[in-house]
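Colleague: Could we go through this model together? I have some short questions about individual residues, the sheet, the pocket and the helices.
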Amino acid sequence: MIRSLGIDHALVCVNDIVAARDSYLRLGFLSRGFSQHPWGTSTTVLIFRDQLFEIVGIGDPALLDGHEAGGFRFGRHVEAHLAEREGVCLIALNSADAAADAEALGRRGVTVTGTIDFGRAVTRSDGTPDRTRTQLKILANDRHPRLSLFACQQFRRDLIEYPEWMDHPNGVTGIAGLTVVADPEDTAGVVDWFERIHAAKAERLDPRTLRIATARGGWTVTDRAGFIARHGTIPNMLADATLPSVAAIDLVTARPADVAEKAAAAGLEAHWIDDALVLPQADRLGGVVLRFGRFGT
């Protein structure tokens, strides 16, 4: 069941989508292949129940100005952040009713930048043609663009969630949360942004770290030192990055040791922090650190 404005998926934006997908396949994920958004970005997804993990690249530059919404151009947003570095540049939130969610956000002082309606032709497993239908309510964050969000209502989730592609060999069943690294002077503004989005108050985990719960998963906001304490290291590409931004994704699995074996076979560095497996080679994972464990959602 969709619970509005929980974490649906992060868009991990990459320069080489084929190589990035291969890294995730070698870690034991399943993926149906590639498709393209009508605004020119190419995409491949890992499918979970009521969530996705989306890897995005530039597919057709000629389409990047398409589907403008209140001055926001999805394709250009991805392009601009890729010019800076790989990593998460947008985050989708679940929505069962995007229009109602937009009204609720407005009452909490969150401006909806614009609306995008789109769909794409698909072929069902029995060979019959069909078409997806999606509505996005863009929540652009002008001060911290990499924390821009959109409420995402999938009217035909049955054309997205294919059961045969959800039984990942590594046992991953979803996203438990996203970790944002912020400079101390930006932390209050970042936390306020998420508190208003989710109508929730932040919980302090330690002197450097706060967590904001959503209807599905949560946000962890910390500084560079706090990130190192939780993940054991911070890659140079993230340590030197423009902040704030999502630096790590927590993925739920009852078998993190299986992921460790697959990471070793793929030549990916891995280490344990408490009971969680951390993969810190952001340069091979699309600009993010991954953490695997038996996290609650």
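Colleague: Leaving aside neighbours within four places in sequence, which residues is T132 in contact with?
Modeller: This is a predicted model. In it, T132 is in contact with F118, G119, R120, V122, R156 and L159, once neighbours within four places in sequence are set aside.

Colleague: Where does T132 lie, and is T132 buried or exposed?
Modeller: T132 lies in the loop between strand 8 (129–131) and strand 9. T132 counts as buried because its relative accessibility is 7%, and the cut-off for buried is under 20%.

Colleague: Turning to the sheet, what is the order of the strands in the open sheet of 8 strands?
Modeller: The order is 2-3-4-1-5-10-9-6, and the pairing is mixed. Strand 2 (35–36) and strand 6 stand at the edges with a single partner strand each, so one side of each has no neighbour in the sheet.

Colleague: How many residues of strand 1 are buried?
Modeller: In strand 1 (residues 7–13), 7 of its 7 residues are buried.

Colleague: In which sense does strand 1 pair with strand 5, and in which sense with strand 4?
Modeller: With strand 5 (residues 87–94), strand 1 pairs in the antiparallel sense over 6 bridges. With strand 4 (residues 51–58), strand 1 pairs in the parallel sense over 3 bridges. L11 has a bridge partner in each of these strands: L90 in strand 5 and E54 in strand 4.

Colleague: Next, the largest pocket. How much space lies in it, and which residues lie nearest its centre?
Modeller: The largest pocket holds about 490 Å³ of space. Its lining is made of 27 residues, and those nearest its centre are S35, T43, V45, E54 and R120. E54 is also the bridge partner of L11 in strand 4, and R120 is also among the contacts of T132.

Colleague: Which elements give two or more residues to the lining of the largest pocket?
Modeller: Strand 1, strand 3 (41–48), strand 4, strand 9 (134–139) and strand 10 (149–154) each do so. Strand 3 gives the largest share, with 4 residues.

Colleague: And by class, what does the lining of the largest pocket have?
Modeller: The lining has 15 nonpolar, 9 polar and 3 charged residues.

Colleague: On to the helices. Which residues of helix 2 are buried?
Modeller: In helix 2 (residues 74–84), the buried residues are F74, G75, H77, V78, H81 and L82. They are on the same side of helix 2 because they cover an arc of only 160° around the axis.

Colleague: What do the buried residues of helix 2 pack against?
Modeller: They pack against strand 1, strand 3, strand 4, strand 5, strand 9 and strand 10.

Colleague: What about helix 7: which residues are buried, and which are exposed on the other side?
Modeller: P256, V259, A260 and A263 are buried in helix 7 (residues 256–265). These buried residues lie on the same side of helix 7, because they cover an arc of only 105° around the axis. On the other side of helix 7, E261 and A265 are exposed.

Colleague: Is there a general reason why residues come to point the same way along a helix?
Modeller: An α-helix has 3.6 residues a turn, so residues three or four places apart point the same way.

Colleague: What do the buried residues of helix 7 pack against, and which residue follows helix 7?
Modeller: They pack against strand 15 (245–253), strand 16 (271–273), strand 17 (276–279) and strand 18 (289–293). Helix 7 is followed by G267, which has a positive phi near 75°.

Colleague: Finally, two loop residues. Where is the place of H67, and what does H67 touch?
Modeller: H67 is in the loop between strand 4 and helix 2. Not counting residues up to four places away in sequence, H67 touches P38, W39, F72, I116, D117 and F118. H67 counts as partly exposed because its relative accessibility is 32%.

Colleague: And where is G109?
Modeller: G109 is in the loop between helix 3 (98–107) and strand 6 (114–118). G109 and R196 are 87 residues apart in sequence and 7.2 Å apart in space, C-alpha to C-alpha. With a relative accessible area of 49%, G109 is partly exposed.

Technical notes: Residues are numbered from 1 along each chain as its sequence is written. This is a predicted model: local features need pLDDT of at least 70, side-chain atom pairs count only at pLDDT 80 or more; totals for chains, interfaces and linings use all residues. Side-chain values use heavy atoms; hydrogens and water are left out. Buried means under 20% relative accessible area, exposed over 50%, partly exposed in between (1.4 Å probe, protein chains only). Two strands pair if DSSP finds at least two bridges between them. On a 1 Å grid over the protein atoms alone, a cavity is a set of points where a 1.4 Å probe fits but cannot get out, and a pocket is an open set with protein on both sides within 12 Å along at least five of seven lines; lining residues have an atom within 4 Å of a point. Grid points are joined across faces, edges and corners, and a volume is the space filled by probe spheres set on the points. Ala, Val, Leu, Ile, Met, Phe, Trp, Tyr, Cys and Pro count as nonpolar, Asp, Glu, Lys and Arg as charged, and the others, Gly among them, as polar. The arc is that of the directions from the helix axis to the C-beta atoms. Contact means heavy atoms within 4.5 Å.
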